[in-house]
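These exercises are to be worked through with the structure on screen. Try each task before reading its solution.

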Amino acid sequence: MATNIDKALFQQPTGIDAAGAMEEPIEIEIIDPEAVHIGIGPLEIDIEKGEPSIDDFDANLAEYLSEGELMTLVGDLDSDIDNDRNSRKEWEKAYVTGLKLLGLQIEERTEPWDGASGVFHPMITEAVVRFQSETITETFPAMGPVRTKIVGKETPEKKEAAARVQEDMNFQLTEVMQEFRPEHERMLWSLPATGSAFKKVYFDPNIGRQTSVFIPAEDILLPYGTSDIQSCYRVTHIMRKTENEIKKLQQAGFYRDVDIGSPDKHIDEINKAKDKETGFADMNDDRFTLCESHVDLIVKGDPLCGADGEDEPNVIAVPYVLTYIRGNKTVLALRRNWEEEDDLRLKRQHFVHYQYIPGFGAYGFGLFHLIGGFANSATSLMRQLIDAGTLSNLPGGLKSRGLRIKGDDTPIAPGEWRDVDVGSGVIRDNILPLPYKDPSQTLYNLLNTVVEE
């Protein structure tokens with residue numbers, strides 16, 4: 001992470017003369033958290049916060065629009081999000097298949113016989129662990145993740161300012177934002193396997209500071225045909241929050257204070273596969289599923305959505321963030337998503353997209369796509385070699401009906417002798433072992449070739 005510095009470093013504060021003496025003492029009185037009284041000599045300034053309104057740029061528009069307008073917006077948007085989800089069905093199938101190749105769970109097999117080998121070749125898992133361990137040391141060196149770069153002519157003042165910025169940013173990312181490194185490591189685990197991973201950087205009212213969290217690719221929905229997240233007109237983040245987390249955001253004024261109903265029980269195929277591979281089960285998941293869509297909309301009830309101050313609403317969609325509860329479609333927030341001073345109304349970007357190998361569309365290619373077939377073949381060859389060794393060491397065969405062996409079903413242990421009742425003839429004439437071969441050297445060489453490739 002680098003920070004460019006090219007600005008005035010020191011400015012003379014207002015009220016201080018050239019000699020450094022205050023012209024008049026400043027008296028500041030905080031009447032309450034929303035009202036301040038400032039006195040500078042005979043000059044007195046009272047700052048009071050007025051009543052919130054829809055004209056406030058940071059206002060939650062869902063507080064002021066009618067339920068009919070909100071339901072129209074969320075109804076159309078929910079249909080578009082379903083289309084986004086359906087357009088990547090095959091991608092999700094490849095994702096689920098790839099999760100099995102990680103070999104996090106031993107597969108219990110009954111074919112070709114009960115107890116056959118269920119191991120997985122660790123090809124993809126080894127590559128993922130290696131990528132994660134090497135990348136985290138590069139992005140989080142001992143001196144901290146932030147490095148500054150001075151733009152323009154270097155001066156002692158700029159070097160000192162760069163050192164201060166670097167020290168402060170490293171302190172923020174390593175000490176204040178304690179979730180930054182763990183979330184970064186989680187991202188580095190998911191990225192090489194799936195090909196895409198996301199981070200969301202935003203101000204969290206619950207903890208009162210900036211935060212950076214990892215978002216897996218399955219929780220980010222992009223429309224068909226989009227090429228990158230920067231220019232995408234609809235990015236939907238699927239969130240899961242408990243009732244208490246939602247109430248805390250309502251109390252903070254971030255979400256509007258409405259009845260949120262009951263959680264909608266829905267788990268997609270990818271999360272089901274993850275639970276199966278990691279050994280978890282949804283026993284009593286009481287979280288709500290929220291859709292936070294960063295989308296271009298035409299909000300007719302927004303007075304700031306007019307074209308250059310005209311009374312008629314703009315016919316061009318502009319960026320908003322609309323958050324609603326999936327299932328009952330209760331709208332929690334609708335906020336403007338551009339800078340207040342920006343006349344172009346360019347979308348504010350809250351997501352960072354990491355790609356392992358850029359693909360044809362917005363999602364990148366990962367090891368599941370690039371070597372998934374090799375991993376599947378290596379797993380099959382390894383199982384055949386192990387099963388061949390099992391059959392070679394514990395061979396089976398045919399025996400005549402008249403032959404009786406004490407403890408028929410139990411394999412004979414080394415050094416063990418058992419009684420045999422022979423109906424007629426000799427023992428070797430009543431037993432026919434099947435011609436099982438030792439593990440094939442050809443299969444072993446083929447396995448090594450596949451892994452090497």
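**Exercise 1. Place alanine 197 in its sheet.**

Solution. Start with one pairing: alanine 197 has tyrosine 354 as its bridge partner in strand 13. The model is a predicted one, in which local features need pLDDT of at least 70, side-chain atom pairs count only at pLDDT 80 or more, and totals for chains, interfaces and linings use all residues. Residues are numbered from 1 along each chain as its sequence is written, and side-chain values use heavy atoms, with hydrogens and water left out.

Next, look for the partner in strand 7: there alanine 197 is bridged to proline 216. Helices (H or I, at least four residues) and strands (E, at least two) are DSSP runs, numbered from the N terminus.

Then count the bridges. Strand 6 (residues 196-204) and strand 7 (residues 209-216) are antiparallel and joined by eight bridges. Strand 6 and strand 13 are also antiparallel, with five bridges. Two strands pair if DSSP finds at least two bridges between them.

Finally, assemble the sheet. Its three strands have the order 7-6-13, and the sheet is open with antiparallel pairing. Strand 7 and strand 13 (351-355) are the edge strands, each pairing on one side only. Neighbouring strands are turned by 20° against each other on average, direction ignored.

**Exercise 2. Find the residue with a positive phi in the hairpin of strand 6 and strand 7.**

Solution. Four residues lie between the two strands of this hairpin. Among the residues of the hairpin, glycine 208 has a positive phi near 70°.

**Exercise 3. Which strands does helix 5 lie across, and at what angle does it run to strand 6?**

Solution. Helix 5 lies across strand 6, strand 7 and strand 13. The angle to strand 6 is about 155°. Axes are lines fitted to C-alpha atoms, for helices over the stretch in contact, and angles run from 0 to 180 degrees between N-to-C directions.

**Exercise 4. Describe how helix 3 and helix 5 cross.**

Solution. First take the geometry: the axes of helix 3 (residues 123-139) and helix 5 (residues 180-194) come within 9 Å and cross at roughly 140°. The two helices are therefore oblique to each other. The rule is that angles under 35 degrees count as roughly parallel, over 145 as roughly antiparallel, 65 to 115 as roughly perpendicular and the rest as oblique.

Then take the residues in contact (heavy atoms within 4.5 Å). Helix 3 contributes residues including Val128, Phe131 and Ile136, while those of helix 5 include Leu188, Trp189 and Leu191. By class, the contact has nine nonpolar, five polar and two charged residues. Here Ala, Val, Leu, Ile, Met, Phe, Trp, Tyr, Cys and Pro count as nonpolar, Asp, Glu, Lys and Arg as charged, and the others, Gly among them, as polar.

**Exercise 5. Why is strand 10 described as largely enclosed by the rest of the structure?**

Solution. Nine of the 10 residues of strand 10 (residues 288-297) are buried, so the strand is largely enclosed. Buried means under 20% relative accessible area, exposed over 50%, and partly exposed in between (1.4 Å probe, protein chains only).

Now look at the neighbours of strand 10. Strand 9 (residues 234-241) runs antiparallel to strand 10 with eight bridges, and valine 235 is bridged to histidine 294. Strand 11 (residues 318-325) is also joined to strand 10 by eight bridges, again antiparallel, and cysteine 291 is bridged to tyrosine 324.

**Exercise 6. Is leucine 334 buried or exposed, and what does it touch?**

Solution. Leucine 334 is in strand 12 (residues 331-336). Leucine 334 has a relative accessible area of 0%, so it counts as buried. Leaving out residues up to four places away in sequence, leucine 334 touches residues including Leu61, Leu73, Leu297 and Val321. Valine 321 is 13 residues away in sequence, and its C-alpha lies 5.6 Å from that of leucine 334.

**Exercise 7. Do the same for asparagine 271.**

Solution. Asparagine 271 belongs to helix 7 (residues 269-278). With a relative accessible area of 18%, asparagine 271 is buried. Asparagine 271 touches Glu218, Asp219 and Arg240, not counting residues up to four places away in sequence. Asparagine 271 and aspartate 219 are 52 residues apart along the chain, with their C-alpha atoms separated by 9.8 Å.
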